[in-house]
Amino acid sequence: MRVAVVGAGAVGLTAARTLADRGTDVVLYDRGEIASGATGRAAGLCYDAFAEDRDAAVAADSLRRFRELGVLTECPYVWYARDGDEANADAIAQQVPRMQAHGRDVALVEPERLGERYPQLRTDEIAVAAIAHRAGFVDPTEYASALTETVLERGVGVRTETPVSLAGPTTVAEPDGTVGFDAVLVAAGPATKPIVADAGVALPLQAYRAQALVTEPLRATLPMAYDATQQCYWRPCEGGLLVGDGAHEVDPDDWDPDADASFERSALDRLAAATTVDATRAQSWAGLCTATPDREPLLGGVGDGLYVATGWHGHGLMRSPALGERIGEQILGGPGVDAYDPDRFTGDETIDVVDGMTIDEDEETPS
Ligand SMILES: Cc1cc2nc3c(=O)[nH]c(=O)nc-3n(C[C@H](O)[C@H](O)[C@H](O)COP(=O)(O)OP(=O)(O)OC[C@H]3O[C@@H](n4cnc5c(N)ncnc54)[C@H](O)[C@@H]3O)c2cc1C
């Protein structure tokens, strides 16, 4: 069997590795360098604090694989709502027992206890907080390099700087001509939508822009955290902190990869409100994420040997080890995941562009 994978991000690399492991002849295309899309711009937070059992299992499986590869830096993940933010406070209080019921190592934690453990965290105005002990972060570039090594070892044909389109469901149009395959997986982030549109497939997918910055090194001992009230997150990074937020709908063909000055100011202001650290910016950037109508990915077949993997709502890196493998196996005849089936929509749905960490107050899940 010969399979083309379009997109050498975390998902495409993982799927290519799985396919090659099972004896498939794989060509992996990217229009730029490896990990030149969202993967190389990700913050790298990884946790299994999901209230939905399927999502929790996927995340836990992915964490295990990151650990096996030796790329995960263990670090607890804390998320909380501030006084007056009753909707998020209620949602967090209701999520945690559901996560515990799925075997997640998470707990509600008294703000005072949190303050004792992390004195630089301002806990006086925290109403409800939770902590996930099975969490950590990966350096996305290091992770992509490790994956690239494994796909090359397995004989995958890697074609970087090669933008492709579809001349048919399983026919890839390269710059120099067309090539036929038995199956094609498009894992090209927001570009997945226009690429499969060439084969007559309409995907309910919207691009949005997320931003992040890294501070100069600090004397800080802080967990990874998501401040649900201020809608920003951070994690330790190179002696400082990586701070991020974001969900601004954009045209994926016309967007600014540099962070806005207003984001930098507000991210540092929010960090100052949440902690006692005095941070300054060292570097910043923006990247594109993808949203779907129900905040779950589009993962599976869209007809005639054509498959997609996109729509990660800012959680693609942390789920890529499990779901990149899953889509690779599905291409070889394995079962799909019904809840992620790209055909599950009627076409009438709207897409609510929100950052993946935003707590869904109706569903009572964190993403
Ligand atoms: C600022 C920021 C912070 C984030 N933080 C986190 C986080 O903490 N944890 C987490 O889990 N996720 C995070 N994410 C989300 C995560 O980065 C993505 O969900 C994940 O990287 C998606 O991987 P992917 O392989 O699907 O897509 P991508 O990495 O976007 O890869 C798609 C590839 O397709 C290529 N491509 C596009 N069009 C074509 C074409 N025509 N021909 C050939 N190749 C093409 C692109 O060049 C690109 O390399 C963050 C994202 C951003 C922007």
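**Close-up 1. Tyr-77, a buried aromatic residue in a predicted model.** With a relative accessibility of 3%, Tyr-77 falls in the buried class, because that class takes in everything under 20%. Trp-79 is buried as well, at 2% relative accessibility.

**Close-up 2. The ring pair of Tyr-77 and Trp-79.** Four aromatic pairs turn up when the whole structure is searched. In the pair made by Tyr-77 and Trp-79, 5.5 Å separates the ring centres and the planes meet at 15 degrees, so these rings are stacked. The cut-off behind that label is a plane angle under 30 degrees.

**Close-up 3. An aromatic cluster with four members: Tyr-47, Phe-50, Tyr-77 and Trp-79.** Here the view widens a little, to take in the company that the stacked rings keep. Tyr-77 and Trp-79 belong to one cluster together with Tyr-47 and Phe-50.

**Close-up 4. An open sheet of three strands.** Now for some backbone. The strands run in the order 10-11-12, and their pairing is antiparallel. Strand 10 (165-168) and strand 12 (177-180) are the edge strands; each has a single partner strand, so one side of each has no neighbour in the sheet. On average, neighbouring strands of this sheet are turned by 35 degrees against each other, direction ignored.

**Close-up 5. Where strand 10 meets strand 11.** Three bridges join strand 10 to strand 11, which spans residues 171-174, and the sense is antiparallel. Which residue of strand 11 is the bridge partner of Ser-165? Look for Ala-173, which takes that place opposite Ser-165.

Notes: Residues numbered from 1 in each chain as written. Predicted model: local features only at pLDDT ≥ 70, side-chain atom pairs only at ≥ 80, totals over all residues. Heavy atoms only, no water. Pairing = 2+ DSSP bridges. Helix = DSSP H or I, 4+ residues; strand = E, 2+ residues; numbered from the N terminus. Axes fitted to C-alpha atoms, helices over the stretch in contact; angles between N-to-C directions. Phe/Tyr/Trp six-rings, centres within 6.5 Å; stacked < 30°, edge-to-face > 60°. Buried < 20%, exposed > 50% of the residue type's maximum accessible area, 1.4 Å probe, protein only.
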